Structures are given as structure tokens and as C-alpha cells.
Amino acid sequence: MEAFITPGLVLSLVFVVIGIFIIAKGLVIVRQSEVMVIERLGSFNRVLESGVNIIIPFIERPRPITMIRYVRMGEDYHPVTSDETRIDRRETVMDFPGQPVVTTDNVTVKINGALYYQIIDPRRAVYEVANMSQAVEVLAKTTLRSVVGKMELDKLFESRSEVNNAIQAEMEEPASKWGVKLTRVEVQDISMPEEVEEAMRLQMAAERKRRATVTEAEGEKSAAIAMAQGQRESAILNAQGDKESAILRAQGEQESIRLVLSAMGDSEQNKQTVIGYLLGQSYIKVLPNMAKDGERIFVPYESSALLGSMGMFRELTGSPEDVVRQSLQRDGLRAGVLGSAADA
């Protein structure tokens with residue numbers, strides 16, 4: 001048995017083991033969306049992409065990158081630092097703890113933000129900055145203070161998207177030097193002192209009350225305008241009705257006078273008699289309304305004369321209505337006689 005174990009065999013086994021070890025150490029499998037920065041004897045050599053790669057052990061080695069991540073435990077954030085040889089090129093979120101910021105109107109608020117970034121150049125991320133994640137975090141905090149410090153508290157709540165865009169725009173240039181691309185910045189929570197929050201609640205209640213008062217006043221104004229327009233249209237229609245009614249009454253009286261005069265004759269004495277009779281009728285119609293206002297009625301002297309004219313008119317010829325009726329009967333009888341003569 002000892003004859004088979006020779007020094008050459010042992011040496012061969014040693015070389016085989018060393019070869020297997022070298023192959024195992026030199027064979028590197030990089031997963032999808034990951035890269036590795038390889039240094040040869042301390043200087044940059046190449047970047048390994050996803051797939052199977054081979055490096056020279058002890059001569060080539062991956063350069064680690066320092067990453068800081070925050071772990072939330074209740075209300076507190078605890079930083080966790082790690083050195084990673086595999087650089088993740090996917091979009092990464094950095095949820096850093098809230099930062100106190102003073103606004104333009106001297107209100108101190110605490111803002112909790114989230115930063116989304118992506119490593120697009122691993123070589124710059126490793127060699128251009130000592131701690132890439134810490135540099136991005138500090139840059140985000142200082143930029144947040146700078147942007148929010150130019151705004152008032154009310155404007156801050158109204159325009160979160162503007163704050164996010166402003167922070168991202170100011171961070172793009174310095175972050176690009178580190179091979180990092182900022183995809184977006186989000187302001188998550190904004191907390192303020194209790195006295196400021198109470199003042200804002202009172203302001204909001206007062207503003208709602210003011211809006212309700214304005215709305216109620218506008219409603220009353222619209223109702224008053226609509227009522228006035230309705231009264232105006234109603235008055236116009238009533239006036240038009242009174243006008244048409246007066247015109248029709250005048251036309252009726254005119255026709256009545258014409259018939260009476262045509263029946264009695266067109267002499268001046270007959271005209272005066274008819275006019276006196278009509279005026280007397282108007283006085284008689286007005287007397288009941290005059291009696292409503294008091295116990296005594298004072299009749300003008302002209303009224304007594306007109307009433308006497310009416311009595312005289314009735315004694316001589318009867319009422320004007322009777323005169324008109326007799327005139328119409330006489331005209332009808334005359335028409336009947338003429339018609340009979342024509343038939344004969």
C-alpha cells in the first residue's frame with residue numbers, strides 16, 4: 001500500500017487541490033442587476049457584469065462599497081452600515097428620519113422624506129466618493145432645508161409636488177458626479193408644534209365660517225334680485241293690463257256716446273245734455289266710495305246741477321239706454337218695411 005503513495009502522487013494531489021481552490025476562488029457568478037468593481041493589485045481593472053466571470057485570485061479582488069440603510073423600530077430609525085462587494089443597480093429607496101426645518105415665517109416643522117436613487121456608474125460610485133449612500137443622504141437633507149426654508153408653512157402644505165421637484169432638480173448635478181441618478185424625492189410626513197397645529201385648526205374653522213357667511217349672503221342677494229325682478233315684471237304686466245282695460249272702457253264709452261248722439265241728434269243742446277248725464281253717472285258711482293271714509297258727504301255744487309240735468313233728461317226722453325234701444329228698434333223696423341216693399 002505504501003508503494004502506491006509516492007512523493008510524485010502527493011505532489012500531484014497538492015497541485016490538483018490548489019487548482020480546484022484557484023478555480024473556485026476565480027469563478028465568480030454575478031446575478032442579474034448586480035455588478036462588481038474589480039481591482040488588480042490595488043488599481044481599477046474592470047467591472048463584472050451579470051453572468052459567469054473569472055478573476056485571478058490573490059491578484060484581482062472586488063472593491064467593496066459602503067452602504068448605509070435605516071431600519072425603523074417603532075418611532076426611531078437606526079442606521080445599519082455594511083460593506084458590499086456586489087453593487088445593486090436597481091432603484092433603491094432611502095427612508096431617512098425626519099429633519100427639523102425652519103420655514104420663512106419662522107415655524108419649525110419636522111419633515112420625513114424618502115429618496116429614490118439608482119447607481120448607473122459603479123466605478124464613480126466607488127472611487128469618486130468615500131461613502132456614496134451617506135453623501136446622498138446628507139445632500140438630500142441639506143437640499144430639503146434649503147428648499148423648505150424659502151417657503152411659508154401654508155405654501156408648504158399646498159405644494160408638496162413643487163418641493164419634491166425642486167429638491168430633485170438641485171440634487172441631480174452633484175449626484176451625477178458620483179454615478180448616481182435620482183429618480184424622485186417624496187416628502188412623506190410634515191409634523192409641527194401643537195400650538196401651531198391648534199392655530200391652524202382655528203384658522204381653518206374661521207375660514208369655513210367666512211365661506212358659509214359669504215355663500216349665505218350671495219344666496220340672499222340672488223333671492224332679493226329674483227324677487228325684485230318678479231315684482232317688476234308683475235308691475236309691468238299689471239300696468240299693461242290697466243292700460244288695455246282703460247282703452248277698452250274708453251272705446252266703449254266713446255261708442256255709447258256716439259250711439260246716443262246719433263239717436264238724439266247732433267244739436268249742441270243734445271250734446272250738452274248727454275255730457276251732463278254721463279258726468280252725473282260718474283258722480284253717482286263715486287258716491288259709495290266717498291261714504292266709506294266718513295259719516296258725512298259733501299257734494300260739490302256742480303254735482304247738484306249735473307244730477308238735476310240727469311233728472312230732466314230722464315223726464316224728457318228717458319235714459320240714454322232707452323233712447324239707443326228705441327233708435328235701434330226704429331232702424332230695424334224701417335229696414336223691415338223697405339225689405340217688404342222691395343219684395344212686392
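## A briefing on aromatic pairs, cavities and loops

Two aromatic pairs are found in the structure. Please keep in mind that this is a predicted model. The protein has 344 residues, of which 27% count as buried, and its secondary structure comes to nine helices and twelve strands. Here is a short tour, starting with the rings and then moving to empty space, strand 11 and two loops.

**Aromatic rings**

- Phe44 and Tyr127 make up an edge-to-face aromatic pair, with 5.9 Å from centre to centre and 80 degrees between the planes.
- Phe44 belongs to strand 3 (residues 43-48) and Tyr127 to helix 2 (residues 122-127), so this pair ties together parts that lie 83 residues apart in sequence.
- The pair counts as edge-to-face because its planes are over 60 degrees apart.
- Phe44 is partly exposed, at 27% relative accessibility, and Tyr127 is also partly exposed, at 32%.
- Another ring has a charged partner: Arg184 lies over the face of Tyr116, at 4.1 Å from the ring centre.

**The protein as a whole**

- About 23500 Å² of the protein is exposed, and carbon and sulfur atoms supply 57% of that area.
- Looking at contacts between residues at least 6 apart in sequence, 59% join residues that are at least 24 apart.

**The cavity**

- The structure has one cavity of 30 Å³ or more, and the volume of the largest cavity is about 40 Å³.
- The lining of the largest cavity is made by Phe96, Gly113, Ala114, Ala140, Leu144, Ile167, Val185, Glu186 and Val187.
- Strand 11 (108-119), helix 3 (132-148) and strand 12 (180-191) each supply at least two residues of this lining.
- Strand 12 gives the most to the lining of the largest cavity, with three residues.

**The second largest pocket**

- The second largest pocket holds about 240 Å³ of space.
- Its lining residues are Arg72, Glu75, Asp76, Tyr77, Pro97, Gly98, Lys110, Ile111, Asn112, Asp189, Ile190 and Ser191.
- At least two residues of the pocket lining come from each of strand 7 (76-84), strand 11 and strand 12.
- Strand 11 and strand 12 are therefore worth viewing with both spaces in mind: each supplies at least two residues to the lining of the largest cavity, and each supplies at least two to the lining of the second largest pocket.

**Two buried residues of strand 11**

- Ile111 lies in strand 11 and is buried, with a relative accessible area of 0%.
- Beyond its neighbours within four places in sequence, Ile111 is in contact with Pro97, Gly98, Gln99, Val101, Leu144, Val148, Leu156, Val187, Asp189 and Ile190.
- One of these contacts is with Leu144, a residue that also lines the largest cavity.
- Ile111 and Leu144 are 33 residues apart along the chain, and their C-alpha atoms are separated by 8.7 Å.
- Asn112 is in strand 11 too, and it is buried, with a relative accessible area of 8%.
- Leaving out residues up to four places away in sequence, Asn112 touches Tyr77, Asp95, Phe96, Pro97, Gly98, Glu186, Val187, Gln188 and Asp189.
- Among the residues touched by Asn112 are Tyr77, Pro97, Gly98 and Asp189, and these four line the second largest pocket along with Asn112.
- Phe96, Glu186 and Val187 are also touched by Asn112, and they are among the residues lining the largest cavity.

**Two loop residues with positive phi**

- Leu41 has a positive phi of about 55 degrees although it is not a glycine.
- Leu41 sits in the loop between strand 2 (34-40) and strand 3, where it is exposed, with a relative accessible area of 71%.
- Leu41 and Glu60 are 19 residues apart in sequence, and 6.4 Å separates them in space, C-alpha to C-alpha.
- Asn106 is not a glycine either, and its phi is positive, near 60 degrees.
- The loop that holds Asn106 runs between strand 10 (99-102) and strand 11.
- Asn106 counts as exposed, at 66% relative accessibility.

Terms used:
Residues numbered from 1 in each chain as written. Predicted model: local features only at pLDDT ≥ 70, side-chain atom pairs only at ≥ 80, totals over all residues. Heavy atoms only, no water. Phe/Tyr/Trp six-rings, centres within 6.5 Å; stacked < 30°, edge-to-face > 60°. Helix = DSSP H or I, 4+ residues; strand = E, 2+ residues; numbered from the N terminus. Buried < 20%, exposed > 50% of the residue type's maximum accessible area, 1.4 Å probe, protein only. Lys NZ or Arg CZ within 6 Å of the ring centre and 35° of its normal. Contact = heavy atoms within 4.5 Å. Areas by Shrake-Rupley, 256 points an atom, 1.4 Å probe, with all protein chains shown as cover. 1 Å grid on protein atoms, 1.4 Å probe; cavity = no way out; pocket = protein on both sides within 12 Å on 5 of 7 lines; lining within 4 Å. Points joined across faces, edges and corners; volume = space filled by probe spheres on them.
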